[in-house]
Amino acid sequence: MSRDPESRTVLVTGATAGIGAACADAFLAAGARVVATGRRADRLAELAARHPGRVHPLALDVRDRAATERSLSTLPAGFADVDVLVNSAGLALGLEPAQRASVDDWDQMIETNCAGLVTVTRAILPGMIARGRGHVVNLGSVAAGYPYPGGNVYGATKAFVRQFTLNLRADLLGTPVRATVIEPGMTETEFSLVRFGGDAGRAGQVYQGMQPLTAADIAEAIVWCTGLPAHVNVNVIELMPVAQAFSPFAVKRE
Ligand code: NDP
Ligand code: 8X3
């Protein structure tokens with residue numbers, strides 16, 4: 001059965017910025033305890049200082065499988081029984097066409113968005129099943145289903161996240177553990193700053209003259225779907241700002 005929000009333990013990857021940070025804030029506001037992870041330990045420490053006793057800061061790089069598994073298998077009492085896992089750690093790097101894109105960037109996206117996400121999920125799932133409760137929420141993207149120029153490997157990693165989440169549902173049938181993929185469109189976070197290698201001007205242009213989603217909008221949807229009655233599984237949530245929609249097919253004419 002669904003637990004009261006105030007008695008839940010929530011593990012958030014990518015809690016140092018953007019959607020993950022907003023999820024940590026939203027679950028803390030609802031009274032939950034939070035295991036907050038990310039590479040930037042200073043930001044995790046600041047979050048923990050703002051919520052004494054209710055945040056376990058855990059600096060980790062999800063690409064380091066051995067260290068991640070070790071950290072997640074030694075969570076302290078009060079934080080070890082994870083009820084909700086939010087896999088938000090992820091990134092896009094570059095917007096070059098496939099024939100010019102950096103293979104190192106591709107590797108980093110695959111290692112973070114795909115391999116890191118499955119490492120964390122695999123580490124947390126057995127405990128959820130043993131305790132008879134749990135919800136895995138994965139951050140996909142509209143890029144999973146709608147191709148765009150330069151989206152190449154980023155979009156492919158998000159298609160992986162979508163299919164992995166749906167396949168989790170297949171494996172989890174017969175258990176009370178739930179799985180949801182959240183697929184946002186344009187959301188103003190550090191995402192574009194990271195994508196463009198720290199170029200704030202270029203990142204700012206992405207959201208110029210339109211109202212993007214906020215990280216808090218996404219966190220609200222995540223808190224909502226994890227708070228539904230225990231027999232309800234939201235499979236997929238796709239969200240876009242009203243100011244974003246679809247293009248027609250591109251046609252190259254002679
Ligand atoms: P941000 O850049 O604001 O946050 C990304 C988070 O991921 C940071 O906390 C970062 O922490 C963490 N992270 C990145 N690499 C690693 C790593 N190797 N190990 C651990 N943590 C890592 O971006 P968003 O909040 O926007 O993105 C969150 C998720 O949402 C991503 O999966 C993204 O693909 C997805 N998404 C974002 C959209 C958007 O428009 N913003 C739209 C659709 C989906 P640190 O650097 O401290 O490690
Ligand atoms: C992030 C949204 O459209 O930049 O996943 O790919 S988009």
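An oxygen atom of ligand 1 sits 3.1 Å from a polar backbone atom of S88, a polar contact in the sense of a pair of N or O atoms within 3.5 Å (within protein, one atom must be able to donate a hydrogen and the other to accept it, and residues adjacent in sequence count only if both atoms are side-chain atoms). A backbone N or O atom of E190 is likewise 3.1 Å from an oxygen atom of ligand 1. R40 takes part through its side chain, with a polar atom 2.8 Å from an oxygen atom of ligand 1. Taken alone, ligand 1 exposes 890 Å², and the protein buries 96% of that; accessible areas come from the Shrake-Rupley method with a 1.4 Å probe, and for residues only the protein chains shown count as cover.

A word on the model before going on: this is a predicted model, in which local features need pLDDT of at least 70, side-chain atom pairs count only at pLDDT 80 or more, and totals for chains, interfaces and linings use all residues. Residues are numbered from 1 along each chain as its sequence is written, chains are lettered from A and ligands numbered from 1 in the order in which they are written, and side-chain values use heavy atoms, with hydrogens and water left out.

**The two ligand sites**

Which residues are the closest to ligand 1? They are T16, I19, R39, Y154 and T189, out of 30 residues that surround ligand 1; a residue counts as near a molecule or strand if one of its heavy atoms lies within 4 Å of it. Three helices, α1 (18–29), α5 (152–172) and α6 (191–195), each supply at least two residues of this shell. Helices (H or I, at least four residues) and strands (E, at least two) are DSSP runs, numbered from the N terminus. By class, the shell around ligand 1 holds 12 nonpolar, 12 polar and six charged residues. Here Ala, Val, Leu, Ile, Met, Phe, Trp, Tyr, Cys and Pro count as nonpolar, Asp, Glu, Lys and Arg as charged, and the others, Gly among them, as polar.

Around ligand 2 you will find S141, A143, Y148, Y154, F191 and R195. Y154 is also among the closest residues to ligand 1. The shell of ligand 2 has four nonpolar residues, one polar and one charged. The side chains of three residues reach oxygen atoms of ligand 2, as the table shows.

| Residue, side-chain atom | Partner | Distance |
|---|---|---|
| S141, polar atom | ligand 2, oxygen atom | 2.5 Å |
| Y148, N or O atom | ligand 2, oxygen atom | 2.5 Å |
| Y154, N or O atom | ligand 2, oxygen atom | 2.6 Å |

Taken alone, ligand 2 exposes 240 Å², of which the protein buries 83%.

**The cavity and helix α4**

How many cavities of 30 Å³ or more does a search of the whole structure find? The search finds one. A cavity is a set of points, on a 1 Å grid over the protein atoms alone, where a 1.4 Å probe fits but cannot get out, and lining residues have an atom within 4 Å of a point. Grid points are joined across faces, edges and corners, and a volume is the space filled by probe spheres set on the points. About 40 Å³ of space lies in the largest cavity, with a lining made of T13, V62, N87, A89, T112, G116, L117 and V120. Helix α4 (residues 103–131) gives the largest share of that lining, four residues. Four lining residues are nonpolar, four are polar and none is charged.

Two other residues are worth a look in helix α4: N113 and T121. Is N113 buried or exposed? N113 counts as buried because its relative accessibility is 1%, where buried means under 20% relative accessible area, exposed over 50% and partly exposed in between (1.4 Å probe, protein chains only). A polar atom of the N113 side chain lies 2.9 Å from the backbone oxygen of L91. T121, also at 1% relative accessibility, is therefore buried.

**Elsewhere in the chain**

A221 belongs to helix α8 and, with a relative accessible area of 13%, is buried. The C-alpha atoms of A221 and I237 are 8.2 Å apart, with their positions 16 residues apart along the chain counted as separation. A230 lies in the loop between α8 (215–226) and β9 (236–239). Why is A230 classed as partly exposed? Because its relative accessible area is 36%. The C-alpha atoms of A230 and R178, 52 residues apart along the chain, are separated by 8.5 Å.

Technical notes
On a 1 Å grid over the protein atoms alone, a cavity is a set of points where a 1.4 Å probe fits but cannot get out, and a pocket is an open set with protein on both sides within 12 Å along at least five of seven lines; lining residues have an atom within 4 Å of a point.
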